[in-house]
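Trainee: Show me how to read pockets, cavities and buried strands in a model. Start with the pockets, please.

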Amino acid sequence: MTAPVAATITVRATLAMLDGPKREIAEGVTNDRYVFWLGSGISRERVPDLRDVAKEVLTRLQSRIEQADPNCRFRKALNAVVTLATPSPDEWGRIDYAQQPDNWPDFDVLAARLVNNYARMLNVTVDGEEPDYILWNVLDAANVYANPAIEPDAEHLCLAALALEGVASEMPTANWDCLIERGVRLLAGAQPVLRVVVAPNDVRGNRLRANLYKFHGCAQAALDNEEQFRSLLVARSNQINGWVAQNPVMVPFLISFIVTRPTLMLGLSAQDSNIQGLFAAAQATMAWPWPSHPPAYAFSENALGADQEGLLQNVYHHDYTPANRPLMEAEALVQAYAKPLLLSLFLYVVTAKLKVLVTIGMPDLADADRDKLHEGLEYARNVIADNVAPNAAIVTELFGQCGRTMTMLRDGSLPNTTNGIYAPITAEPLHRMPADLTLAGGGVCQFAIASGLIGLGLARGLWTAAKADVTDSSSGSMVLTGRSGPAKVYFAANAHAAIRLGTNGLIAENDDAVIVHSHENPPPMPRYPRRAPGRTGLASVREVSIESLLADGTEVEDLLERFRSKVAL
């Protein structure tokens, strides 16, 4: 069987989709329009999926059976679970409760059938035990899903980066695991950027840049405070069916998101009746018209399932006609799973922010020249996209590279663990950036212009680019190689950052390097420590001021030539 397109699509192809037919969705994300609804699909490679859960239930119940007791309570519970898998008469004949289930010929088939019946399976009771015995004791779900050894995957890291960029401020999730929280800790350290809401009174806490609503409970919270949070782990059918009536605080809170902001579902099948009920209630409150701009509903899937189609039918209601249905469903489907989609959205968002910064830094730039700088930024973005893959190791390195560049730009230092490995371009979504009065004078606009020039040079073959060695503190932000050979490139937003590049030992006076200053070159300072000499024939450290270049003219072709001359590549 071939892998689904949504699983095999490349980052570059996903970006092409975001640049083209799904552009409205991408632009909606850059402006923090979408609420990210997150399901188990984003964690399937880190924690057990529903098929694994079904297998564990079968196996662990069977292991508890007292074989000599025909009325054993665990045999009774196991039989109730197996019955939910609707075995045929032949399959019943091959099931032997005296054998481990993985020896049953139809074990995989039975487990697969239980996936769509998982809530009823977990609702099976064991005589003499609490109603959640299978979940809490048999599966040991809290310890499994809060396991501190499980590291965040690419999806969780990308969500964390988008949250730090201010474009994923609302994230309701049905997941119990702590992988988004761990992703944020890796990228942001101890900075207060993520609020986690589990219990009803948590909604009263101060909102932060990103807000995670764990409306089916949290494994770590249940471990830390069993009395308060164990009952909030939602999985059993009676909990799901009664969830809306029993959650008078969280329900209207989530409905308000559905009513006021478009929905992007990632790894969420929407099969649970309580989730379907939320969207149906929202439609009754204030339905979204179709078409909406950006689209009111988007699903990161290979194809829409029956539950997702049912959700569209509920929320669009009267507009869901035979004539509209094909267009409506095509618009809602984003045929890329969360891994490639979230990484592509990150690259799209960062590039879109740099484009806005070019405009803020050069408000009088001619449209044709602005387009060339935007072209350079997109070309550089695509070069990165061609060289990354959505796996945790590569994504972590990419965010480390980005954090390194932005921290050196602003402070002339490397990231530290207190503040995490990543530093955003800005903490605001795109539409709020023009109102941020710190951007125009903060040096980041000139950094965006320099990035556009470098990308334009890449597109025209003036130089090639390679990533910095993050294990070497003196490797700069990147390496550009031109006719005269390779040079490490540093960016400095102000004189303070430029000086600290030397005092922190990140650059030495005889390094073959380029410092791109946002503002005027700082006055000469005491000599940087020397390193062993490299190649000769050029001044070791070349310095270029974007502010000075712009003062001599903003026509981009001329600007590129003068930049090229200064960096001497």
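Trainee: How does the lining of the largest pocket divide by residue class?

Mentor: It has 23 nonpolar, twelve polar and nine charged residues. Nonpolar means Ala, Val, Leu, Ile, Met, Phe, Trp, Tyr, Cys and Pro; charged means Asp, Glu, Lys and Arg; the others, Gly among them, are polar. One caution: this is a predicted model, where local features need pLDDT of at least 70 and side-chain atom pairs count only at pLDDT 80 or more, while totals for chains, interfaces and linings use all residues. Residues are numbered from 1 along each chain as its sequence is written, and side-chain values use heavy atoms, without hydrogens or water.

Trainee: What volume does the largest pocket have, and what lines it?

Mentor: General idea first. Rolling a probe the size of a water molecule over the atoms shows where empty space is left. On a 1 Å grid over the protein atoms alone, a pocket is an open set of points with protein on both sides within 12 Å along at least five of seven lines; a cavity is a set where a 1.4 Å probe fits but cannot get out; lining residues have an atom within 4 Å of a point. Points join across faces, edges and corners, and volume is the space filled by probe spheres set on them. Here, the largest pocket has about 1,200 Å³. Of its 44 lining residues, G39, S40, G41, R44 and G267 are closest to the centre. Two or more residues each come from α4 (50–64), α8 (118–122) and α20 (338–361). Helices (H or I, at least four residues) and strands (E, at least two) are DSSP runs, numbered from the N terminus.

Trainee: Which residues sit closest to the centre of the second largest pocket?

Mentor: That pocket holds about 920 Å³. Among its 34 lining residues, A380, I384, L398, C402 and M478 are closest to the centre. The largest share of the lining, seven residues, comes from α22. By class, the lining has 23 nonpolar, seven polar and four charged residues.

Trainee: Now closed space. How many cavities of 30 Å³ or more are there?

Mentor: Two. The largest holds about 50 Å³. Its lining is I42, S43, H156, T173, N175, D177, I180, E181, L212 and K214. Elements giving two or more of these residues are α12 (179–188) and β4 (210–214). The class split is three nonpolar, four polar and three charged.

Trainee: And what classes line the second largest cavity?

Mentor: Eight nonpolar residues, no polar and no charged. The space is about 30 Å³. I454, L480, V489, V514, V516, F563, V567 and L569 line this second cavity. β11 (513–517) and α26 (556–567) give two or more residues each.

Trainee: Back to β4. Why is this strand largely enclosed?

Mentor: In a regular strand the side chains alternate between the two faces of the sheet. Five of the five residues of β4 are buried (under 20% relative accessible area, 1.4 Å probe, protein chains only), so the rest of the structure largely encloses β4. A210, L212 and K214 cover one side, N211 and Y213 the other.

Trainee: Which strands run beside β4?

Mentor: Strands pair if DSSP finds at least two bridges between them. β2 (residues 170–173) joins β4 by four bridges, in parallel. β3 (residues 194–197) also pairs with β4 in the parallel sense over four bridges. Y213 is the bridge partner of P172 and of V197.

Trainee: Where do the buried residues of β1 lie?

Mentor: On both faces: V35 and W37 on one side, F36 and L38 on the other. Four bridges join β1 to β5 (residues 263–266), in parallel. F36 has L264 as its partner.

Notes:
Buried means under 20% relative accessible area, exposed over 50%, partly exposed in between (1.4 Å probe, protein chains only).
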